[in-house]
Each structure stands twice: as C-alpha cells, then as structure tokens.
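Reader: I am in my first year and would like a close look at one part of this protein. Please take me through the largest nonpolar core.

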Amino acid sequence: MIEQDSVYLYHLTLRAASGAFRSCTGRFRGLKRSEEIVLANSTTIELWIPDSDTGKLKKQTIQHAFGIIQCIDKIRLAGATKDLLVITSDSGKLVVAEYDNELQRFHPRVQEPHSKSFLRRNTPGEYLAIDPENRALMIASIERNKLVYKVESSTTTKDSTLKMSSPLEAMSKNAITLALSSLDVGFNNPMFAAIEIDYTPYEQNDNVYDTVYSDVQLNYYELDQGLNYITKSKPKSIPGSPCSNIIALPNTVGGILVTCDSFLVYDRPSSSSSTLYVPLPIREGTSLTIIVNHVVHRLPKDEFFVLLQSSVGDLFKLTVTMDEDEQLVRDIQVKYFETIPPCNSINILRSGFLFANVLNNNKMFFQFESLGDDGDDNYKVLHLSHELTDVHGHHRFKPRSEKYLSLVDVLDSLEPIVDAVLIEHTLKQSPDPIKKVALLSSKSYLKELQHGFQTYELALSPLPINATDVFITKLTSSAVNDEYMVISSSLSSQTIVLSIGEDVEEVTDSNFVLDQATLGVQQVGKHSLVQIYANGIRHIDSTTKKTTDWYPPAGIHIAKMSTNSHQVVIALSNFEVVYFEVDAVDDQLIEYQDRLELTHGVSAMGMLLATDSKSPFVIIGGTDETIQVVSLSLHNCLEVKLMQALSSNSTSILIRGNSVHIGMEDGMFVTTSINLATGKLYDSRTQYLGSKPVRLSAIMVNGEPCVLALSTGAFLGYSIGKGGPFKLTPLIGVDITSGGAITSEELGEMLVGINRHDMKLFKLGTEDQELSTLEEDLFISSKQLRFQPKRLVIRNNFKYIIESEYKVKSPDSDIKEDIPVFGYTSTPNSWASCIQVLDASNEIIQTVQLEGNHCALSLCYTGFEDDNISTTSTTESYLIVGMSKDLQYLPMASNSGNALMTFRIFKDGTLKLLHSTDIEGPPTAMVSLGNRRLLVGSNNYLRVYGLGKSQLLRKSTTRVEYLTNVVRLCYQGNQRVVIGDANKSTVFATFDDVLNQFMMFADDTKNRQITCLTTLDYDTVIGGDKFGNVFVNRCGAQMSRLADEYWSKFQVDRLNGSSGRLTNVCEFYVNDVPTSFIKGSLIYGGEVDPIIYTAVKGTVGLLLPLSTKSEVEFLMSLELTMKKYLDYNFDDFNKNTKGYNLLGKDHQKFRGYYNPAKNVIDGDLIERYFEQPVSIKQLVAKDMEKTIREVEKKIQDLRLRVAF
C-alpha cells in the first residue's frame, strides 16, 4: 500500500561504472577477420570493436547484468567459428553466453548452478581457468573449493550445442588460493595450476602469520578424462619470495612461470630437475619489481613472446629459447620493453594493437611500432639462472615511453570519483544556462561531464551577406555527393550559391535568382533543381541549364513552402495553398488546378521526406496555433483530414517515416506519430529546448536519418536503435541560426551552420576522434591537476580543489609531461599536498603548495561577519582547509599535529593565507553555519569556530560518546545539523544556546559506514555507505517540532544513542560506493530536479522523485511484471515467453543486497523493455492492461523529464 507521505524514487544509471577489472579478446560476433574486446565492469559488460585501419575503438554495446561479475574468459566449441563468453558471478551459476548480432546483446546458453548466491570466500567463481583446447574449465574460490567442468559440443545441428558435465570437486583443506591458470598440454589430460597457502600453521601459531612455516605452495590438478576424476599432485614449495601470478607457456615449450618479487620461477609438472630462476630488471628509484598481469602472444611458426607488467606500469618482454633435440628449455630472456600506466589487464590483438585496461585512469589503445628486437645497450637482457640471485644485483633501468608502442586511441574513464558538484553558467549568446557536473576523478584529473555531443570546427569563413538560411543540395537524384550550398538572407533579400568540393567557392553560372531571399532549394526528378523564393518558383535543368519560372498573382508572395523530390507545396500570402507534382518524364512541375483556401496565415509546412515515394499528406501549421493534416492523394487532394491545436504557433515541421517533428515558437519541440494511411496523429511527446523559436532541418549523421533542431542551442535528434524512442541531444559549442549536413568526396561528412556574417563547418567528436556512435551522449572534458584531488568547492565560477598524495615528495616545479606515466619520485611516509584555484575555463590561476608533510583532509567555503576584523561589518569570503601532519593509516592511525588553515578569497579568485589554528584531532568534516560560524567534526567531537585576528576562535565543543569518527556534516538551517559517522550512520542534532552545545535528538536504526550525505529538506537527508547502499532518512514531523521548541526532552541519551529514531524512507543497492549527491538536473527546463549521485568506480546515476500516486502504482506494477518475464530461472526457458536474465540473478536480491530495497523503482530494469522482442513487449503490456506504445511513452517521458 502506498502511504501518502512516503517518498518514492525512480533510479536511472546515466553512466555505468567505467573501472573494468577484466578484459578479453575474441571473435564473439563470428565474423571473418574480426576481433572484439570485452570489458567486464562490476555490473556491466561492454563490447568494443577495433578498427584496424584507423586504430579507433567503437563501442558496440553495453549490457547491464544486474549482478556482481567476478571473472570472464572466452571459450570456443569444437568446429565453431564463434567465441562464447564464460562468466562467473555472485548468482551462484556458471554462465556461458553467446553474442546475438541482431539484438546486439549477450544471451546465456548455459546457466549451471554450483552454489548459493551472494559472495563468500568459499564460493567458487573468484578464479576462472579454461583449458586451451576448450575441453574443460575450472572455477575456484578464495578458500578451499574448486570445481572442474568438462565441456562437450555437438555439431549435428546447424548451431553447435554446448554440453557441460556435472562438476568434479577438488577440495584443498585449509588452503587459500592466490592464483589459478590452465596449462597448455596439447591433447593430454587437461591440467590446472594453482598457487596456494596452507594456513594450518597460522591456526597452530595463535593466528599469527609466520613466513617461516607458512610456505607458498604450487599445486597441479589433472582431469583424467577416462576415469572422470581429479588428481592433485604433490605440493611444490616456492621459497624466497611472495608469489602473485602464474604464466602458462604454450605447448611448444610447456610448463609455467610463477611470478615472484623481482624474479620468475620456471616449473614443469612431473619434472625432477632443479628449480630455474629468471631475474627481473628493477626500475631506478624502486626496490622491487612486482608483476601484476601478463599476456602471451603467439606468432607464426610456433613462436611466441610474453609481455609482463609490473605494479608501476613497466612492461618486460620475455622470450624462450628451446633445445630442439632434447626438447628442453635452454634459456629464458627478459628485457625491459616500455612503460605504460599500471593496468588491470592487457591484451594483444592479431592486428598488431595492444589494449591497456588501465587502472584508475583512461583506457588506452596502442599500436606496435616494433617488437623491440633491436639491440639497446642501455637496457640489459637478463637470462635464466639455476640459482636465486640477490635482488640488489639486478639490472637497473630508467623508464621510457612511446618507443615501441604508439598511442592511437583513448577511452574515457571516470574511475575513481571522489567528489562532484554541479556547475551552472550562462553564455553571452544564450540566456539559457549550461549545466555540467565537475568530478574529481582518475589520477590527478578534474573532469567535467556535460550532456551532449562535442563538436570541433573545421573552418570558419566570413560571408558577404547577413545570412538567415542555408540549404544543401545535389544536382541529380543518382549523385552521392552534394554539389551546391545555397545561402540566403531575408534581411537583405540576397542569395549566394557556393560549390562544395575541395574548395568552397562561389558559383556564377547556377541560374539561381540571386536578388531575392531563397525560401527553399530541392533536387527534384532525375536531374533538376527547384528554387523557391518570395516572388516565385524557378525550375532549373542541371544538365542543360534551362530555367522555367512560375509566379504568383500580382501583389501576392510565397510565405511558406515544403518540398521533397516528387512534390512541392507552397502557401501564399492570401492564405491559399498551391500543390505541384514533378513530371516523371521531363522533371517539370505540374500545378494541381484546385487550391486550398485557409482562414488564417501559415507559419510552417512539412511533407514526408521520402525519396522513393510521394508524401500522402502535408501538415500545415497555422498562425492560429493549430496544425492541419491535408491529403495529397489523387482522389481527395487538398482535403483537410485532421486539425489539432497546439500550445503556440509552429515554426518548423518535418516528417520522417511515421514521425512528425514540430518546432514551436515558445521553444517546445513536439514529436508525434502519424498514420500514413489515415493521417491520424497520436502518441505526442514534448521537450523544451530553449527560449527561442525552434527551427528544424533534416540531416544524415553516420548514415542515420537525424534532425537538427535549433533554439538557444543546437540539438541533434535521432532514434535509439531499431524502432527505439526518439532522442534529442545538445551539440556542445555550436552557436548557429540555420544548418544542414554536407556529404562530399573531398571533405567527407560534416555539418554546416551560419550565424549572421559567419559560416562554420564542423564535425561531431573531437579532433583526435570523430563520433562513431550516437549512444555516447555524455561528453567528458578533463584538466590535469598536480596531485590526487580530494575535495572541491565552487564559488563565483572559481573552483577550489585540495589535493593530497601519499608516498610522494612535493615537487619544486610544475608538472612535467612524463609524470602521468612514470609518476612522482616515491618517498616513504611522506605527503604532497596543495590547493589549486581554477577559473571558469579551467585554467589554473593559483597553486598553493602545502609544505611540512601535511595532508589536506577537508575543505569548506564560508563567510564571516566580525566587528573585530572589519570595522564596516561586511561579510568577507574565506576558504578553510583542514590538514593533518605526518598522517599514517597503517598499522595504526597516527599523526603529529592537525590544523585549520584560513585563506581569504579575493575578487580575482586568488587566496591569501590569513592564519592557522591548531586542533587536537584530524578535521575530517566541515560545514558553514550561516555567515558567522564554522562547524568542524574531528573524531567524535563537534567544534564551532568564529573568526579571530590570529586564529579561529573556539566558541563551543560537543563530545558525542557513541560516535567514532565524524566524516560528513550537513547544515539544515536554523540551529540544526546532521552528522554522518564512519560507523554509526546519521544523527540529527540541534544547538542549545544556553548550554552552548549540540543536543542529539534522533539517529538511525542501523549502523552504517557513511561515505556521503546531502540535505533534501529540513527533516530529510540522503546518504550512501561504503557497501554501496543508498538510503533516505527522515525525522518525523512531531519529533522535528519538539526538537525545535522543546529541546529539553532530548537531553538524555538512551541505549548508547539519541532518544529519538529516524524513519528509513528509501533503501537501494547500486553496487558502487557513493561519493556525492547533487540536487539538480543536467538539462535546462526539467520539470523536477532529481538527485544526481556519483560513485567510486565511475558510476553516475540519478534518483527522480515521483510526484503522483498513479505514477508510482504504474511503475511498481511494471517493475514487478518485468521481473516476472526476466526470471532468473533458466530451466525450460522459452524465448517467446521469457526474457533473458544474463547471470541468472534474482533482481530483488541484487537491489536488496544488504538491506531490502524500499520505495525505489529500478529504471534500469524497466528500460530493458525497449530491448525485448515484440512478443515479450506484447505480453508485458497485456499484463499491464496497456498497449506497447503507452508503456514505451511512459518510460521515455520519465527520462525526458529530468535526464536525456
């Protein structure tokens, strides 16, 4: 039952987590000479297609899994040409999925249950290893359990049938698995290798780890296919160093390499020879080389090489020399190759590219310039050894970059996001504000997220006239490229014609009427052009240059027009509509004898823009705020079929397919559907574009029909997928009044726009990479900072950022170009911190370096009024920075001092240090209490400060016994604050002027580890915890009133907490650690401001408050219906009656991972409705007692309301 005062939120993911922890390459689409890259994020799977010609990556699909993905790899059935994707997850099922090229989705072919759902240390799935011959696979848990599946295929049908045997168990008691890999043994029994630690000595030694008795062991597991049994070999001890990874070498060599600190260990199963060691080069300035990932790349003639990557990003090339006679390893050579950023995984493609799945930064795509076989005396080759050498004697090298690898593409990543704010500013040429989300993201970056497609300018040319319209046309119907660009000025009654080619030049022999303003230009028939201007129509034969003119009666001019390649319709100033058709024989215009007489003027006209058929209707917009659908069929030509009222006059009309797009005078954009048989209009949807009238142009982008809509800004309209909803996306940096699209052999595809005396040629995308897909509609711009950013505040278009980085010594100069790759010089137990000030264009105007091994923790903008400081009692702006000196977190948190630094902010945004105030504990949270006080949270203390001449003056101190560490503070107004604690969730408090202390009057019923907190209203806050839960807590109305009026009732703490309890209004799991909540929208003109949230792994989402009870009931019913049809049970699956659930995870368990989901509707699940085939859509709509169109319209309206 829906309560009247309840809060209901609609959740949408705007940008999925971008921190991919796994990547693999394969032929998942099954196309010849194709190779795709699959990225696995925490809850999504992405498929990217590399272009070997351009070196660019194109995102093919992103798919929500509604579960936590643990590991992925590929497998190919015998006789098949298509790779399948193997997925382990928290669903307790082993999934083998196939990519559907038509639907562009992975669909499960096998969901094999093996354990309970959710993640446990003894649940298999953390590790996955597949036999190179695709005969078996092993999944393993962190502790004890391992399962082996035999994989078989049947090719009796057209498609290979996948069969998996029941799992064979391989238990390792008291063992923790560190790494797992499959061995390449040819067609012998499949074999797997695992690095394990026996923790029996740990338990016998009073739970104290002893490196002497707790050895790392190497175990082999062999699947006997005849006996169907798992055999475990005798454990081998690996002495000398911790182990991190296993590298399986190809069958031509055999065996494995175990990676240890600064050396490798070579081993072969059933080998009795002595242990072989391979030393690793060590970077100068570091003490060890720790290998974190690798890739084995096979070359022709059974050759191969291995690329190893260290924890600091250094790449090493490993090759093996074999003794062909004795089939023994003669030597293993390791040489430093190059340095790239540290990665979660690296992949080498057959086309000569390397994909770097970079950790906490943008993903990179490199091309091999060389394999590094040329000799370089500065980088020594290390060889195989029978003895373990001293690490201090290893070869030292200096890092380098871009010698053998050249960067060709970059994939934007937002991971990790630590803070975010909403930016809103207005440009001079546009009264409507531009909205962005500023993120502190990745490694030392400020990134801004803006809804829209980025554009880059190709050329900007002055025009001799004050242009108002531009038209693009080709000369013949069979032509592929455009020939003419016609620019018109209604202000000066002029027209100029430009040729489109290698150079854009004016055409002098076009036979156009140049002393009149052109209303429209259209290529008609086979080889003719039509120019429509105020005083007539000119027909031009493009081959013979012969012209034919049509004139309206004297004193009457043409007001509006609409054309396609077969028809011309004009509206005259005397309210008459004239219709022409193109003669198929000689391309001449044939006027229809009857005319339609209207009772009002015409503001816009539009016909179907089909090139192969005639338009059955023309839609006429009148000056009386109506539109009329007029038939153009032979039996009832110019008969009005329908009239419909609008909210204002229409200014532009386009018809494409069965969609009618209407631009209106009040800045609204209307999309409605039309029945091409009857002319009936239905399913109308509106969107606000700006304060100026909307003008529409039909264009093509990447071969797809689109609409260019111009108001105070420029927008690109297009349909999502096949038959999907229509969507409008802003074009960033475009200020034009009229525009179109050009297709040229010399210039390619581009857009053209005019703005008064300027003509602009531009493309979608950036100079480095053109836009390849219309699905990526969030543009990311970045600005490099000095250190890792921590907090951000914005005041008067100036951004103030505190930055701190551990184990880094403060540099004496500005950032160098090689620092992002190689990093700063590492110095133990040191901090480098600074404050940077950026202006509106993100230029750094000031950097304040914080010396003395200080770490900046918190940041707050505040204004102080104090007669002791200013004789005029005016409010000054100040920036308060909380700092800690010699801060250490491990093994125990400690510091040698803490302080609050007060900076005065000047009008130009710069800072000047006023004074520093010592404080006992780390100042982890701060908030301004109006213009007179500053509240600081430190440990379990709350302190109020005022401004003094030499330091901040302590006004009040409150100690809250049951709190542990205050990490967030929210000022609610009046005397009320909300406290977010690292362990005790949220507490509401009010300040008592008599006692000069904060009184706690309400707290949460659950202990939460708060990571962010934001005020929604006086009694309500929204927060997130470190386990990925989002919650809304509310103080009851009666309790809130008593706290303000009768505070004495709450003076006594009860049961180690406050006397009152908060009401948990909403609860939802997002599988990412929230770091900020922002009240506001990324679009202008939204009806309701949603709550935008960001999370550590790069997730950006929103929570939309639902306003009506009927809306809540509809969405709750739709969510339940979608859960039913996307059932997690894969047994007896029928694709005609059920939808695919990729991981087989119960959606309700996923969204209620720690606490049951409450009052939050999952829009990500509901939007899967668009992905379903028509049969499933029909079943869902039938259960909802709605039509498919009604369901889709409601889902789309929710996005258009606040998002995009």
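Author: What follows describes that core, then a second core and the cavities. This is a predicted model, in which local features need pLDDT of at least 70 and side-chain atom pairs count only at pLDDT 80 or more, while totals for chains, interfaces and linings use all residues. Residues are numbered from 1 along each chain as its sequence is written, and side-chain values use heavy atoms, with hydrogens and water left out.

A nonpolar core is a set of buried Ala, Val, Leu, Ile, Met, Phe, Trp, Tyr and Cys residues joined through side-chain atoms within 4.5 Å; buried means under 20% relative accessible area, with a 1.4 Å probe and protein chains only. The largest one has 44 residues, and those touching the most other members are Tyr 10, Val 437, Leu 449, Leu 1106, Leu 1115, Leu 1118 and Val 1180. Helix H4, residues 1109-1125, gives the most to this core, with 6 residues. Helices here are DSSP runs of H or I, at least four residues long, and strands are runs of E, at least two, numbered from the N terminus.

Take Leu 449. Leaving aside neighbours within four places in sequence, Leu 449 is in contact (heavy atoms within 4.5 Å) with residues including Leu 414, Val 437, Phe 779 and Val 1100. Apart from the largest core lies another, of 24 residues, among them Leu 264 and Tyr 379.

There are also 5 cavities of 30 Å³ or more. On a 1 Å grid over the protein atoms alone, a cavity is a set of points where a 1.4 Å probe fits but cannot get out; points are joined across faces, edges and corners, and a volume is the space filled by probe spheres set on them. The largest cavity holds about 170 Å³ of space.

Note on methods: Buried < 20%, exposed > 50% of the residue type's maximum accessible area, 1.4 Å probe, protein only. 1 Å grid on protein atoms, 1.4 Å probe; cavity = no way out; pocket = protein on both sides within 12 Å on 5 of 7 lines; lining within 4 Å.
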